[in-house]
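Trainee: Got a minute to look at this one with me? I'd like to go through a few bits of it.

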Amino acid sequence: MVSRVIPVEDFDLVIFGGTGDLARRKILPGLFRRFLSGQMPETSRIIGAARSDLDTDGYRQLIREAIAEFGGEESSDAEGIDAFLGQLHYVTVDAKGDGGWSELHDLIRFEVVNAFYFSVAPSLFGDLAERLHTYKIADADSRVVVEKPFGRDLASAKALNATLAEHFDESQVYRIDHYLGKETVQNLMAVRFGNMLFEPLWNNHYVDHIEITVAETVGVGGRGSYYDKSGAMRDMVQNHLMQLLCLIAMEAPSEFESDAVRDEKLKVIRALQPVEPHHIVRGQYDAKGDEPSYRQDAEDPRTFTESFVAMRCEIANWRWAGVPFYLRTGKKLKARTSEIAVVFKDLGHSIFPGDEKRHRNILAIQLQPNEGMQLQVTIKEPGPGGMRLVDVPLDMTFAEALGPDAEDVTDAYERLIMDVIRGNQTLFMRGDEVEAAWAWTDPIIEGWQARHDVPKLYDQGSSGPEDAMALMHREGRKWREIKG
Ligand code: NAD
């Protein structure tokens with residue numbers, strides 16, 4: 001199978017914070033891969049803009065090193081690297097002052113697509129937006145890309161939205177959640193809305209429950225005090241897990257168009273019921289041997305911030321009424337995995353003598369470490385000995401199903417940046433979506449604070465606190481195993 005790479009329109013992409021960690025680790029190595037695949041026109045330009053006092057040659061050297069470190073297999077393509085670096089430019093810019101802005105204005109080609117990536121702290125968004133207008137660098141056709149975190153509660157998200165809205169229309173704003181750029185996430189929509197097979201079953205008549213797990217093996221060491229200001233609920237649930245929940249639960253949009261898709265996602269968030277305190281379990285990882293505890297990593301022996309959260313949610317609409325959605329995410333867990341599992345109801349009656357197991361079809365969608373899907377089906381165990389039934393997965397890891405091209409599953413960042421250039425907002429969060437997500441999250445966090453809720457300790461390398469298991473056990477269900 002040969003992938004068809006369609007080059008995007010000619011563009012100038014300015015990356016504010018172009019010398020930062022995210023730009024070096026993800027954005028530029030990703031753009032380099034898109035360049036090698038032939039998706040970036042030869043005349044397009046990437047302009048790094050940051051506080052560091054560099055010139056274009058210095059910036060090219062910085063990015064050469066970043067590609068060597070983070071560029072993966074492609075980083076051995078010396079000719080490709082030289083050609084790509086030739087498309088890079090740099091301007092020293094002070095977001096809070098006047099330095100560099102006239103120079104940036106003179107560099108931009110206004111006749112091509114202009115995009116501005118705000119890969120800086122959100123506190124600088126307003127300064128950047130204002131100066132882009134004062135110096136007449138951005139106009140009604142420009143696009144701005146903003147990074148997470150998009151606020152830390154409803155009030156701050158509203159304030160950020162208002163800041164951006166002062167200078168940009170919503171149709172110009174691209175709020176990135178890299179989870180939405182993953183191949184499987186798009187495939188989830190293809191599977192749901194491109195097949196007859198699933199839609200008739202995708203509701204409370206046939207689905208028993210849905211699980212969404214995003215498990216990490218790393219702790220917060222190194223950025224513990226930063227993480228401690230947010231916690232798993234703000235850092236993961238409000239954005240990534242909610243977005244996955246929306247995609248799995250939303251109604252079919254009338255067409256695959258950005259506002260049609262986002263309207264449907266918004267309806268899901270608005271239909272989410274408030275979560276009862278006894279339907280949420282928070283945890284903090286404990287110390288293990290020489291491995292520090294969460295509190296040690298966070299450098300606060302009294303912190304109540306959670307490194308783990310598990311919850312049972314419900315969506316109040318006709319499709320999903322009564323179907324529990326179990327979400328969990330945490331650090332220092334048993335394996336690194338992101339998985340959505342749609343667990344169908346059991347048959348209720350078995351015609352096979354001696355078959356007492358409750359067989360269930362499960363559609364499991366993995367986002368990491370390997371992207372793929374499995375459908376668990378019940379078959380006859382091969383061999384003699386009568387009708388013994390066994391559950392087996394029909395496996396559809398992309399690499400096997402789609403041949404060699406699938407191994408080059410485009411990284412989420414690359415795809416999303418190319419979508420910005422194409423002007424396609426489907427995989428970006430709209431302002432009202434983000435606000436609705438915070439409106440649902442805020443009372444949960446405020447409840448913890450009001451009750452002085454103390455997170456439960458859990459062992460490093462486990463599946464989280466015991467109480468999280470009980471969340472499902474007491475309803476006669478069981479979490480799927482966390483497997484890498
Ligand atoms: P960083 O601290 O490594 O880099 C910050 C960049 O901003 C640097 O290029 C710096 O020169 C520039 N900058 C700072 N103050 C400036 C000013 N006054 N004027 C002009 N430029 C200025 O940060 P980072 O890790 O690259 O993160 C950037 C943004 O992306 C943040 O909002 C962060 O929350 C978000 N983010 C980062 C990651 C990640 O993996 N690093 C992941 C998700 C989101």
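Mentor: Sure, and keep in mind that this is a predicted model. Let's start with β8: Ile280, Arg282 and Gln284 point one way from the strand, Val281, Gly283 and Tyr285 point the other way, and all are buried.

Trainee: Which strand runs antiparallel to β8?

Mentor: That's β9, residues 308-313, joined to β8 by 4 bridges. Ile280, for instance, has Met311 as its bridge partner there.

Trainee: And which one runs parallel to β8?

Mentor: β15, residues 456-458, with 3 bridges to β8. Gly283 stands opposite Lys456 in that strand.

Trainee: Switching topic: how many disulfides are in the whole structure?

Mentor: A search turns up 0. A disulfide is a covalent bond between the sulfur atoms of two cysteines.

Trainee: Why no bond for Cys246?

Mentor: Because the closest cysteine sulfur, in Cys313, is 11 Å from the sulfur of Cys246, too far for a bond. The cut-off for a disulfide is within 2.5 Å.

Trainee: Is Cys246 buried or exposed?

Mentor: Buried, at a relative accessible area of 1%. Cys313 also counts as buried, with 1% relative accessibility.

Trainee: OK, helix α9 next. How many of its residues are buried?

Mentor: 19 of its 19, so the helix is mostly covered.

Trainee: Where does α9 bend?

Mentor: At Val237, by about 50 degrees.

Trainee: What about its span?

Mentor: At 1.5 Å a residue, the 19 residues (231-249) should span 27 Å, and the end C-alpha atoms are 25 Å apart, which agrees.

Definitions and conventions:
Residues are numbered from 1 along each chain as its sequence is written. This is a predicted model: local features need pLDDT of at least 70, side-chain atom pairs count only at pLDDT 80 or more; totals for chains, interfaces and linings use all residues. Side-chain values use heavy atoms; hydrogens and water are left out. Helices (H or I, at least four residues) and strands (E, at least two) are DSSP runs, numbered from the N terminus. The expected span of a helix is 1.5 Å times one less than its number of residues. The bend at a residue is the angle between axes fitted to the seven residues ending there and the seven starting there. Buried means under 20% relative accessible area, exposed over 50%, partly exposed in between (1.4 Å probe, protein chains only). Two strands pair if DSSP finds at least two bridges between them.
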